Amino acid sequence: MFGGIAVSGNLLCIGYTAARGHLFLVDLEDLQVVSHWNWEGDGGYGDAGGVAMDRDYNIYVADTRNDVVRRFSPFGREGRTYGLRSPDPDARVSVRRDRTGMLDRPRAVAVYGDVLWVACGERWLKRGVQRFQLSGETLPPLRAFSDPEARFGAPRGIDASKAGVFVADTLHGVVQRFWLEGRYVGRIHTALDPEDVSRPIAVLARGNGELLVVDEGDRPGIRQIPLDRPPRDLELGALVEDPLDLAIDRKGRVLVLDGNGERVHRLHADLSYDRELFDLREIGFGID
């Protein structure tokens, strides 16, 4: 599944894929679509994976199929792209695709300050988390577990805030934490039980120091990982099905993308369920 959500101010951005990449901007006050557009990449196809927004409301979206991150203005005008083109685009197993600045199936993005982080999420890669200045300059990638020879396990989620950078390292079953300058801090295990297989696909760092993680492993759902207490699964019943991504609004409420990237729910700041916020299937715009 592809798709992602991000919040900046009163705007919610939803990324959706249906052969082409689609972006929707929603005003969180009146829950109305204020802008929407789509794009095509190589061969007429494009993906909208994870999305992020900067302080000027520019939108960064992982176009997984085309191995780039695209930047759009809030009015839908496409600007810079990030990610070097491979000299051997058909050689998916080639070491030439594991190079600084090269994106191999990017799945998630995060922006904080003037830096863009990109998680590449379908293979074991040494350079599975790339970094760029928003101005376009390529920065050194993150080092998995602080080891230049270690590989990220197809990370599908990433979050950046003043608390640092958190990478949902999907195949390793952990969240790797880094300081904003790129230095490794440590790993956070996401399984409830050592016998469980955990597959984190999204991560959100809350202001109180705890993490929320979407897990697709043995115990799928949304997991709360506090700093000083054991992790627990949120008891949301059938209200949220197959969660895909997380975001937080300016009031500290958590937004959850589910339903194959088509529906957004809101949780109160205490993580109790609030309401279904938005459903792309109800508004049309060519969504099947």
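Reader: Which residue forms a salt bridge with Arg-156?

Author: Happy to start there, with the reminder that this is a predicted model. The closest N and O atoms of the pair are 3.4 Å apart, and a salt bridge needs a side-chain nitrogen of Lys or Arg within 4 Å of a carboxyl oxygen of Asp or Glu. The partner of Arg-156 is Glu-216.

Reader: How many residues apart in sequence are the parts that Arg-156 and Glu-216 tie together?

Author: Arg-156 sits in the loop between strand 14 and strand 15. Glu-216 belongs to the loop between strand 20 (211-215) and strand 21 (221-225), so the pair ties together parts of the chain whose separation in sequence is 60 residues.

Reader: Is Arg-156 buried or exposed?

Author: A residue counts as buried under 20% relative accessible area. Its partner Glu-216, at 36%, is partly exposed. Arg-156 has a relative accessible area of 18%, so Arg-156 is buried.

Reader: Which residue in the loop between strand 14 and strand 15 has a positive phi, although not a glycine?

Author: The loop in question runs between strand 14 (152-153) and strand 15 (157-161). The residue there is buried, with a relative accessible area of 6%. Its phi is near 50°, and the residue is Ala-154.

Reader: Where is Asp-67, which also has a positive phi?

Author: Phi of Asp-67 is near 60°. With 9% relative accessibility, Asp-67 counts as buried. Its place is the loop between strand 6 (59-63) and strand 7 (68-72).

Reader: What is the N to O distance in the salt bridge of Arg-219 and Asp-196?

Author: Let's place the two partners before giving the distance. Arg-219 lies in the loop between strand 20 and strand 21, and Asp-196 in the loop between strand 18 (184-189) and strand 19 (200-205), so the bridge ties together parts 23 residues apart in sequence. Arg-219 is partly exposed at 38%, while Asp-196 is buried at 18%. From N to O, the distance is 2.8 Å.

Reader: Which residue meets Arg-123 in a salt bridge?

Author: The N to O distance is 2.6 Å in this pair. Arg-123 is in the loop between strand 10 (115-120) and strand 11 (124-125), and its partner, 19 residues apart, is in the loop between strand 8 (78-82) and strand 9 (106-112). Arg-123 is partly exposed at 23%, whereas the partner is buried at 2%. That partner is Asp-104.

Reader: How many aromatic pairs does the structure hold, and how is the pair of Trp-39 and Phe-72 classed?

Author: The structure holds seven aromatic pairs. In the pair of Trp-39 and Phe-72, the rings are 5.1 Å centre to centre with 40° between the planes. Trp-39 is in strand 4 (residues 32-39) and Phe-72 in strand 7, so the pair ties together parts 33 residues apart in sequence. The total is seven, and this pair is tilted.

Reader: Which cluster includes Phe-152 and Phe-178?

Author: These two rings form a tilted pair, 6.3 Å centre to centre and 45° between the planes. Phe-152 lies in strand 14 and Phe-178 in strand 17 (residues 174-178), 26 residues apart. Phe-152 has a relative accessible area of 0% and is buried, and Phe-178 is buried at 0% too. The cluster is made of Phe-145, Phe-152, Phe-178 and Tyr-184.

How values were computed
Residues are numbered from 1 along each chain as its sequence is written. This is a predicted model: local features need pLDDT of at least 70, side-chain atom pairs count only at pLDDT 80 or more; totals for chains, interfaces and linings use all residues. Side-chain values use heavy atoms; hydrogens and water are left out. Helices (H or I, at least four residues) and strands (E, at least two) are DSSP runs, numbered from the N terminus. Buried means under 20% relative accessible area, exposed over 50%, partly exposed in between (1.4 Å probe, protein chains only). Rings of Phe, Tyr and Trp (its six-membered ring) pair if their centres lie within 6.5 Å; planes under 30 degrees apart count as stacked, over 60 as edge-to-face and the rest as tilted.
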